[in-house]
Amino acid sequence: MAKAAGVAFQTVSRVINDSPKVAPDTRRRVLDAIEELGYRPNAAARALASGRSKVVGVLSIGTNAFEAPSTLDGIDQAASAAGYSILFSGTHSQDAADIKRAVESLLDQQAAGCILIAPRMTTDIEALELPAHVPVVLVEGDPDTDRASVSLDQARGARLATEHLLDLGHATVWHVSGPRDWYDSRERERGWREVLDERGVTAPPLLSGDWHHASGYECGRIIAAMPDATAVFVANDSMALGLMHALHEAGKSIPGDVSVVGFDDLDEAAFAYPPLTTLRQEFFEIGRAGIETLLEMVEGGGTGAKHAVVTPELIVRKSTAAPRA
C-alpha cells in the first residue's frame, strides 16, 4: 500500500485513521491506492495501533426469537453509522460456562463491548462473571437488572391491550401467555392482571402458549368452547393468528363473537382476516437504542447502568369491536 502510493507506511496509517496531519495531495494518492488495491482495514490491527477497537459483539442467548432479524438490523445500521462493525454469535445453551465462552470468543476478536440479547429468565447474567471493565448492554433481558439495558415496556403494552378491550364493553379479557420462562411473558401477563384488578374484574383462567401458531390454535379451540369468552389478549401475533384460525373453524365470528388483540405487529398482522389489532414494538428502535447505549459506554469509558425503555403503540384494526348485545 505505501509503495503503491509512494509514501511511508506511517502516512498510510494516518490517512486510514483520518489524521489531519497529511497534506491533501498525499491523502489523495493514498486514497487512490486504497481504492485501486481494494484494501479493507483490519479491525484487530487498527485496535492495536489506536488503542480502541471499532468492533462490538452481539450475542443472542437461548432463542431463535422471530424478532432477531429486525433487532439485529437496527444494531447493525446504528453501528455502521457510528463507524463500528458487528461480530454476531448465538448460543442455545443456558449454561453459564457456555455463555461465558461465547462472550470471551467475541472479546478475543477485539470486541470493544458486547450486547447480550437475553430474553429468558433462565439466563443468569451475573453468573457469567464478566470482566468488570467490559461494557455490556442487555437487550430484552431482565427489566430489573442493575446492568445497562434496553427493553420494551411489555407491561405497558399489555395494559393498553386489556384497557382497549374493556373500554369496548367486554366483561372480562382472556389471556394467552407466552412461555413461562420469558421476561416478555411475565411482564405481559403482569400488565393484563393489573388492569383487571384495577377495574375489579375477575381474571379468567390463564392459557399458556409457546410463541408459535400451533399453540395459539390449541388455545383458540378452548376459547371457542367458552360461550362467555368475548375478548382475548394474545401475547404475540403468531399465536393470535393460530387462535383466529381455530375460531374461524369453530364458526366463530371475529370480532362479532370474539375480539382478538395480538402483540408485535408482524407484517402479516395487517393481512390477517380480519386485520389484527395489535401492539407495535419497534424492533429496529430497540436494536438502535442498544448500540447507542453500548457505544456511549465504549467511547465514554464507563460501565455504569443506563436503562432505555421503548414504549409500544396500540394499532387498532378490525379484529376488535364492542360485544354483541
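## Helices α7 and α8

Helix α7 (residues 154-167) packs against helix α8 (residues 183-199) at an angle of about 40°, and the two axes lie 7 Å apart. The two helices are therefore oblique to each other. Their crossing is right-handed. This is a predicted model.

From α7, the contact draws on Q154, A155, A158, R159, T162, E163, L166 and D167. From α8 it takes D184, E187, R188, R190, G191, W192, E194, V195, L196, E198 and R199. By residue class, the contact of α7 with α8 divides into 6 nonpolar, 3 polar and 10 charged.

## Helix α8 in its surroundings

What span should the 17 residues of α8 have at 1.5 Å a residue? The expected value is 24 Å. The end C-alpha atoms of α8 are 25 Å apart, which agrees.

The buried residues of α8 are Y183, D184, S185, E187, R188, E189, G191, W192, V195 and L196. Charged side chains are on that list, including D184, E187, R188 and E189. An α-helix has 3.6 residues a turn, so residues three or four places apart point the same way. The buried residues of α8 pack against α7, and also against β6 (174-177) and β8 (231-234). After α8 comes G200, with a positive phi near 70°.

## Helices α9 and α10

A second helix pair is formed by α9 (residues 213-224) and α10 (residues 237-249). Their axes come within 6 Å and cross at roughly 40°. That makes α9 oblique to α10. The crossing of α9 with α10 is right-handed.

On the α9 side, the contact is made by H213, S215, G216, Y217, C219, G220, R221, I223 and A224. On the α10 side, S238, M239, L241, G242, L243, H245, A246, L247 and E249 take part. The contact of α9 with α10 divides into 9 nonpolar, 7 polar and 2 charged residues. For the contact of α7 with α8, the counts are 6 nonpolar, 3 polar and 10 charged.

## Two buried leucines in strands

L138 is found in strand β4 (residues 136-139). Is L138 buried or exposed? Its relative accessible area is 3%, so L138 is buried. L138 and L116 are 22 residues apart along the chain, yet their C-alpha atoms are separated by 4.9 Å. Beyond its neighbours within four places in sequence, L138 is in contact with L116, I125, T145, A148, S149 and V150.

L279 lies in strand β10 (residues 278-280). It has 0% relative accessibility and so counts as buried. Which residues does L279 touch, not counting those up to four places away in sequence? From G157 to A161, the partners include G157, L160 and A161. Further on come V261, G262, F263, D264 and D265. P312, E313 and L314 complete the set. L266, 13 residues from L279 along the chain, has its C-alpha atom 9.6 Å from that of L279.

## Backbone features in the loops

Two cis peptide bonds deserve a look. One joins I254 and P255, with omega about 10°. P255 lies in the loop between α10 and β9 (259-261). Another joins Y273 and P274, with omega about -5°. P274 is in the loop between β9 and β10.

Positive phi also occurs at residues that are not glycine. E140 has a phi of about 55°. Its place is the loop between β4 and β5 (148-152). With 8% relative accessibility, under the 20% limit, E140 counts as buried. W211 has a phi of about 85°. It lies in the loop between β7 (207-208) and α9. W211 has 9% relative accessibility, so W211 also counts as buried.

## The whole protein

How many helices and strands are there in the protein? There are 11 helices and 12 strands. Buried residues make up 50% of the 325 residues.

Among contacts with a separation of 6 or more, 74% join residues 24 or more positions apart.

How values were computed
Residues numbered from 1 in each chain as written. Predicted model: local features only at pLDDT ≥ 70, side-chain atom pairs only at ≥ 80, totals over all residues. Heavy atoms only, no water. Helix = DSSP H or I, 4+ residues; strand = E, 2+ residues; numbered from the N terminus. Buried < 20%, exposed > 50% of the residue type's maximum accessible area, 1.4 Å probe, protein only. Contact = heavy atoms within 4.5 Å. Axes fitted to C-alpha atoms, helices over the stretch in contact; angles between N-to-C directions. Parallel < 35°, antiparallel > 145°, perpendicular 65-115°, else oblique. Left-handed = near helix turned anticlockwise from the far one by under 90°. Expected span 1.5 Å × (residues − 1).
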